[in-house]
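Welcome! Here is a short briefing to read alongside the sequence and the 3D view.

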Amino acid sequence: MFNSHIHRIVRNKINLTAFIIILLIPMLEIVQLLIYQKSSDEIFHPAFAFYLSGSSIGHAPQILLLWFLPIYFLLLGADDAIQDYETGYRNILISKIGKKRYFLEKMITSFSISSIAMFITLFVNLILVSIIFAKGTFSKGLMEMEFEGNALFNFSVKHPFITIIIFSIVACILAGLAGTLGASTSLFFLDRKYAYASAFFIWFLLVLNRQSLMFVFQPFTEYGFDVIVPILLLAIGVLIIIPIIVFIYEVRFNEN
(Lines give C-alpha, C1' and ligand atoms only; values in the text may rest on other atoms or scores of the structure.)
Protein backbone atom coordinates (compact mmCIF):
# COMPACT_ATOMS: atom_id res chain seq x y z
CA MET A 1 0.00 0.00 0.00
CA PHE A 2 2.91 2.35 0.70
CA ASN A 3 4.21 1.88 -2.85
CA SER A 4 0.73 2.51 -4.21
CA HIS A 5 0.51 5.70 -2.17
CA ILE A 6 3.87 6.92 -3.48
CA HIS A 7 2.82 6.07 -7.04
CA ARG A 8 -0.32 8.18 -6.64
CA ILE A 9 1.67 11.14 -5.32
CA VAL A 10 4.10 11.04 -8.23
CA ARG A 11 1.27 10.93 -10.75
CA ASN A 12 -0.99 13.46 -9.03
CA LYS A 13 -0.27 17.13 -9.81
CA ILE A 14 -1.91 18.35 -6.60
CA ASN A 15 0.22 16.02 -4.48
CA LEU A 16 3.40 17.12 -6.25
CA THR A 17 2.46 20.80 -5.96
CA ALA A 18 1.88 20.38 -2.23
CA PHE A 19 5.32 18.80 -1.80
CA ILE A 20 7.00 21.57 -3.81
CA ILE A 21 5.27 24.21 -1.67
CA ILE A 22 6.39 22.45 1.52
CA LEU A 23 9.92 22.40 0.11
CA LEU A 24 9.96 26.03 -1.05
CA ILE A 25 8.37 27.88 1.88
CA PRO A 26 11.52 27.57 4.07
CA MET A 27 13.47 29.14 1.19
CA LEU A 28 11.56 32.36 1.88
CA GLU A 29 13.31 32.49 5.24
CA ILE A 30 16.70 32.50 3.50
CA VAL A 31 15.60 35.30 1.15
CA GLN A 32 14.34 37.40 4.06
CA LEU A 33 17.59 36.93 5.99
CA LEU A 34 19.69 37.85 2.96
CA ILE A 35 17.63 41.03 2.54
CA TYR A 36 18.05 41.76 6.25
CA GLN A 37 21.82 41.35 5.92
CA LYS A 38 22.07 43.96 3.17
CA SER A 39 21.76 46.74 5.74
CA SER A 40 24.35 45.14 8.01
CA ASP A 41 27.92 43.87 7.91
CA GLU A 42 26.88 40.81 9.91
CA ILE A 43 26.33 37.35 8.42
CA PHE A 44 23.95 35.00 10.18
CA HIS A 45 25.29 31.92 11.90
CA PRO A 46 24.00 28.93 9.85
CA ALA A 47 22.14 27.46 12.84
CA PHE A 48 20.34 30.76 13.44
CA ALA A 49 19.57 31.08 9.74
CA PHE A 50 17.98 27.61 9.79
CA TYR A 51 14.26 27.63 9.06
CA LEU A 52 13.03 26.44 12.46
CA SER A 53 15.09 29.11 14.26
CA GLY A 54 12.71 31.75 12.94
CA SER A 55 15.20 34.61 12.79
CA SER A 56 13.30 36.61 10.19
CA ILE A 57 11.04 39.48 11.20
CA GLY A 58 7.39 38.48 11.52
CA HIS A 59 8.03 34.72 11.15
CA ALA A 60 5.91 34.65 7.98
CA PRO A 61 7.56 31.51 6.50
CA GLN A 62 6.96 29.64 9.77
CA ILE A 63 3.31 30.73 9.87
CA LEU A 64 2.73 29.78 6.24
CA LEU A 65 3.94 26.22 6.73
CA LEU A 66 3.70 25.18 10.37
CA TRP A 67 0.27 26.64 11.12
CA PHE A 68 -1.27 24.72 8.23
CA LEU A 69 0.72 21.46 8.29
CA PRO A 70 -2.30 19.08 8.25
CA ILE A 71 -3.70 20.84 5.16
CA TYR A 72 -0.42 20.48 3.26
CA PHE A 73 -0.16 16.82 4.19
CA LEU A 74 -3.77 16.18 3.23
CA LEU A 75 -2.97 17.69 -0.16
CA LEU A 76 0.19 15.58 -0.24
CA GLY A 77 -1.88 12.42 0.01
CA ALA A 78 -3.13 11.94 3.57
CA ASP A 79 -6.64 12.16 2.10
CA ASP A 80 -5.89 9.02 0.07
CA ALA A 81 -8.76 7.19 1.80
CA ILE A 82 -11.26 9.65 0.31
CA GLN A 83 -10.00 8.90 -3.18
CA ASP A 84 -10.36 5.18 -2.45
CA TYR A 85 -13.96 5.79 -1.37
CA GLU A 86 -14.81 7.91 -4.41
CA THR A 87 -13.39 5.39 -6.86
CA GLY A 88 -14.80 2.34 -5.09
CA TYR A 89 -11.29 1.02 -4.49
CA ARG A 90 -11.85 1.18 -0.71
CA ASN A 91 -14.21 -1.83 -0.65
CA ILE A 92 -11.90 -3.83 -2.90
CA LEU A 93 -8.93 -3.22 -0.60
CA ILE A 94 -10.89 -3.93 2.58
CA SER A 95 -12.22 -7.20 1.18
CA LYS A 96 -8.68 -8.14 0.15
CA ILE A 97 -6.62 -7.22 3.24
CA GLY A 98 -9.28 -6.62 5.91
CA LYS A 99 -10.60 -3.46 7.52
CA LYS A 100 -8.11 -3.44 10.40
CA ARG A 101 -5.07 -3.65 8.16
CA TYR A 102 -6.55 -1.14 5.70
CA PHE A 103 -7.02 1.56 8.37
CA LEU A 104 -3.71 0.81 10.03
CA GLU A 105 -1.75 1.01 6.79
CA LYS A 106 -3.44 4.28 5.79
CA MET A 107 -2.39 5.89 9.06
CA ILE A 108 1.14 4.49 9.07
CA THR A 109 1.66 5.46 5.44
CA SER A 110 0.45 9.01 6.07
CA PHE A 111 2.75 9.30 9.09
CA SER A 112 5.71 8.04 7.07
CA ILE A 113 5.16 10.23 4.02
CA SER A 114 4.51 13.36 6.11
CA SER A 115 7.56 12.90 8.33
CA ILE A 116 9.76 12.10 5.31
CA ALA A 117 8.50 15.22 3.51
CA MET A 118 9.37 17.34 6.54
CA PHE A 119 12.77 15.65 6.85
CA ILE A 120 13.61 16.37 3.20
CA THR A 121 12.49 19.98 3.57
CA LEU A 122 14.55 20.62 6.71
CA PHE A 123 17.56 18.70 5.39
CA VAL A 124 17.62 20.74 2.16
CA ASN A 125 17.23 23.94 4.17
CA LEU A 126 20.10 22.97 6.47
CA ILE A 127 22.39 22.25 3.52
CA LEU A 128 21.52 25.59 1.91
CA VAL A 129 22.03 27.72 5.03
CA SER A 130 25.29 25.88 5.74
CA ILE A 131 26.55 26.92 2.30
CA ILE A 132 25.05 30.42 2.05
CA PHE A 133 25.89 31.47 5.61
CA ALA A 134 29.06 29.35 5.93
CA LYS A 135 31.20 32.04 7.56
CA GLY A 136 28.44 33.65 9.60
CA THR A 137 28.53 34.26 13.35
CA PHE A 138 25.57 36.62 13.86
CA SER A 139 22.95 35.30 16.28
CA LYS A 140 21.17 38.53 17.24
CA GLY A 141 23.13 38.43 20.46
CA LEU A 142 21.65 35.12 21.60
CA MET A 143 24.96 33.27 21.75
CA GLU A 144 26.23 35.84 24.23
CA MET A 145 23.25 35.40 26.51
CA GLU A 146 22.68 32.99 29.37
CA PHE A 147 19.48 32.44 31.36
CA GLU A 148 19.96 31.22 34.88
CA GLY A 149 17.95 28.08 35.49
CA ASN A 150 17.11 27.60 31.80
CA ALA A 151 19.13 24.51 30.90
CA LEU A 152 17.53 24.17 27.45
CA PHE A 153 18.43 27.68 26.29
CA ASN A 154 21.93 27.56 27.72
CA PHE A 155 22.59 24.19 26.05
CA SER A 156 21.12 25.49 22.78
CA VAL A 157 23.41 28.51 22.44
CA LYS A 158 26.46 26.42 23.37
CA HIS A 159 25.60 23.63 20.92
CA PRO A 160 23.52 25.28 18.15
CA PHE A 161 23.89 22.55 15.52
CA ILE A 162 23.01 19.75 17.91
CA THR A 163 20.02 21.81 18.99
CA ILE A 164 18.60 22.33 15.51
CA ILE A 165 19.04 18.62 14.77
CA ILE A 166 17.08 17.69 17.92
CA PHE A 167 14.34 20.21 17.13
CA SER A 168 14.25 18.92 13.54
CA ILE A 169 13.66 15.37 14.77
CA VAL A 170 10.80 16.61 16.95
CA ALA A 171 9.42 18.59 13.98
CA CYS A 172 9.50 15.47 11.77
CA ILE A 173 7.62 13.45 14.41
CA LEU A 174 4.98 16.16 14.80
CA ALA A 175 4.71 16.43 11.02
CA GLY A 176 4.10 12.68 10.85
CA LEU A 177 1.39 13.00 13.49
CA ALA A 178 -0.16 15.91 11.58
CA GLY A 179 -0.32 13.65 8.53
CA THR A 180 -1.86 10.87 10.61
CA LEU A 181 -4.45 13.35 11.89
CA GLY A 182 -5.37 14.17 8.29
CA ALA A 183 -5.58 10.49 7.41
CA SER A 184 -7.81 9.86 10.44
CA THR A 185 -10.28 12.63 9.59
CA SER A 186 -10.31 11.39 5.98
CA LEU A 187 -11.04 7.82 7.05
CA PHE A 188 -13.76 9.01 9.41
CA PHE A 189 -15.62 11.54 7.24
CA LEU A 190 -14.81 10.29 3.72
CA ASP A 191 -15.52 13.85 2.60
CA ARG A 192 -12.83 16.45 1.89
CA LYS A 193 -14.78 19.40 3.27
CA TYR A 194 -15.17 17.85 6.71
CA ALA A 195 -11.81 16.06 6.73
CA TYR A 196 -9.82 19.20 5.93
CA ALA A 197 -11.84 21.46 8.23
CA SER A 198 -11.69 19.13 11.24
CA ALA A 199 -7.96 18.37 10.86
CA PHE A 200 -7.15 22.06 10.62
CA PHE A 201 -9.44 22.90 13.57
CA ILE A 202 -7.79 20.35 15.88
CA TRP A 203 -4.27 21.41 14.86
CA PHE A 204 -5.10 25.11 15.13
CA LEU A 205 -6.45 24.67 18.64
CA LEU A 206 -2.98 23.43 19.60
CA VAL A 207 -1.38 26.36 17.77
CA LEU A 208 -3.64 29.03 19.28
CA ASN A 209 -3.38 27.63 22.79
CA ARG A 210 -1.71 29.97 25.29
CA GLN A 211 1.07 27.39 25.49
CA SER A 212 1.30 27.18 21.70
CA LEU A 213 2.50 24.12 19.85
CA MET A 214 4.73 26.47 17.85
CA PHE A 215 7.01 26.83 20.90
CA VAL A 216 8.05 23.22 20.35
CA PHE A 217 9.19 23.89 16.78
CA GLN A 218 11.45 26.87 17.49
CA PRO A 219 14.88 26.53 19.12
CA PHE A 220 16.79 29.36 20.81
CA THR A 221 13.76 30.80 22.60
CA GLU A 222 13.43 31.76 26.25
CA TYR A 223 11.16 28.78 26.93
CA GLY A 224 12.72 26.01 29.00
CA PHE A 225 11.93 22.34 29.50
CA ASP A 226 9.21 23.28 32.01
CA VAL A 227 7.25 24.91 29.16
CA ILE A 228 8.27 22.84 26.13
CA VAL A 229 7.85 19.33 27.57
CA PRO A 230 4.19 19.72 28.72
CA ILE A 231 3.25 21.26 25.35
CA LEU A 232 4.95 18.43 23.48
CA LEU A 233 3.32 15.73 25.61
CA LEU A 234 -0.13 17.33 25.21
CA ALA A 235 0.26 17.59 21.44
CA ILE A 236 1.54 14.03 21.04
CA GLY A 237 -1.24 12.78 23.32
CA VAL A 238 -3.98 14.52 21.32
CA LEU A 239 -2.51 13.57 17.95
CA ILE A 240 -2.21 9.91 18.96
CA ILE A 241 -5.51 9.54 20.81
CA ILE A 242 -7.62 10.87 17.93
CA PRO A 243 -6.32 8.31 15.38
CA ILE A 244 -6.72 5.54 17.99
CA ILE A 245 -10.36 6.54 18.61
CA VAL A 246 -11.05 6.68 14.86
CA PHE A 247 -9.36 3.32 14.35
CA ILE A 248 -11.32 1.59 17.15
CA TYR A 249 -14.63 3.10 16.07
CA GLU A 250 -14.23 2.32 12.38
CA VAL A 251 -12.89 -1.21 12.84
CA ARG A 252 -15.14 -2.39 15.70
CA PHE A 253 -18.34 -0.38 15.47
CA ASN A 254 -18.81 1.14 12.01
CA GLU A 255 -20.21 -1.47 9.65
CA ASN A 256 -20.20 0.79 6.57
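Let us start with a helix that sits inside the fold. In this predicted model, helix α5 has Leu69, Pro70, Tyr72, Phe73, Leu74, Leu76, Gly77 and Ala78 as its buried residues. That makes 8 of the 10 residues in α5, which spans residues 69-78, so the helix is largely enclosed by the rest of the structure.

**The chain as a whole**

- The chain is built from 13 helices and 0 strands, so you can expect to read α after α from the N terminus on.
- Its C-alpha atoms fill a box of roughly 65 × 40 × 25 Å along the principal axes.
- The radius of gyration is 20 Å, which agrees with the value near 18 Å that a compact globule of 256 residues would have.
- Buried residues account for 48% of the 256 residues in the chain.
- Among contacts with a separation of 6 or more, 78% join residues 24 or more positions apart.
- The accessible surface of the chain is about 13000 Å², and carbon and sulfur atoms contribute 68% of that surface.

**The nonpolar cores**

- The largest nonpolar core has 52 residues, and the members that touch the most others are Leu52, Leu66, Leu69, Trp203, Leu213 and Phe217.
- Helix α10, covering residues 160-189, gives the most to this core, with 10 residues.
- Another core lies apart from the largest one; this core has 9 residues, including Ile94, Tyr102, Phe103 and Met107.
- Leu52 is a good residue to click on: leaving aside neighbours within four places in sequence, Leu52 is in contact with Leu66, Leu122, Phe167, Ser168, Ala171, Phe217, Gln218 and Pro219.
- Two of the names from the core list, Leu66 and Phe217, are among those contacts of Leu52.

**Two residues of helix α8**

- Ser114 belongs to helix α8, which runs over residues 99-132.
- Is Ser114 buried or exposed? With a relative accessible area of 2%, Ser114 falls under the 20% cut-off and is therefore buried.
- Beyond residues up to four places away in sequence, Ser114 touches Phe73, Ala175, Gly176 and Gly179. Phe73 is one of the buried residues of α5.
- Ile131 also lies in helix α8, but Ile131 counts as exposed because its relative accessibility is 60%, over the 50% cut-off.
- How many residues apart in sequence are Ile131 and Leu142? They are 11 residues apart, while their C-alpha atoms are 22 Å apart in space.

**Aromatic rings and a charge**

- The structure holds 14 aromatic pairs. One of them joins Phe188 and Phe189 edge-to-face, at 4.9 Å centre to centre and with 90° between the planes.
- Phe188 and Phe189 are each partly exposed, because Phe188 has 39% relative accessibility and Phe189 has a relative accessible area of 35%.
- Trp67, Phe68, Phe200 and Phe204 are linked into a cluster by ring pairs.
- Which ring does the charged end of Lys140 sit over? It is the ring of Tyr36, with the charged end of Lys140 5.6 Å from the ring centre.

Notes. Residues are numbered from 1 along each chain as its sequence is written. This is a predicted model: local features need pLDDT of at least 70, side-chain atom pairs count only at pLDDT 80 or more; totals for chains, interfaces and linings use all residues. Side-chain values use heavy atoms; hydrogens and water are left out. Buried means under 20% relative accessible area, exposed over 50%, partly exposed in between (1.4 Å probe, protein chains only). Helices (H or I, at least four residues) and strands (E, at least two) are DSSP runs, numbered from the N terminus. Contact means heavy atoms within 4.5 Å. Rings of Phe, Tyr and Trp (its six-membered ring) pair if their centres lie within 6.5 Å; planes under 30 degrees apart count as stacked, over 60 as edge-to-face and the rest as tilted. A charge sits over a ring if NZ of Lys or CZ of Arg is within 6 Å of the ring centre and within 35 degrees of the ring normal. The radius of gyration is taken over C-alpha atoms; the globule rule is 2.2 Å times the number of residues to the power 0.38. Accessible areas come from the Shrake-Rupley method with a 1.4 Å probe; for residues, only the protein chains shown count as cover. A nonpolar core is a set of buried Ala, Val, Leu, Ile, Met, Phe, Trp, Tyr and Cys residues joined through side-chain atoms within 4.5 Å.
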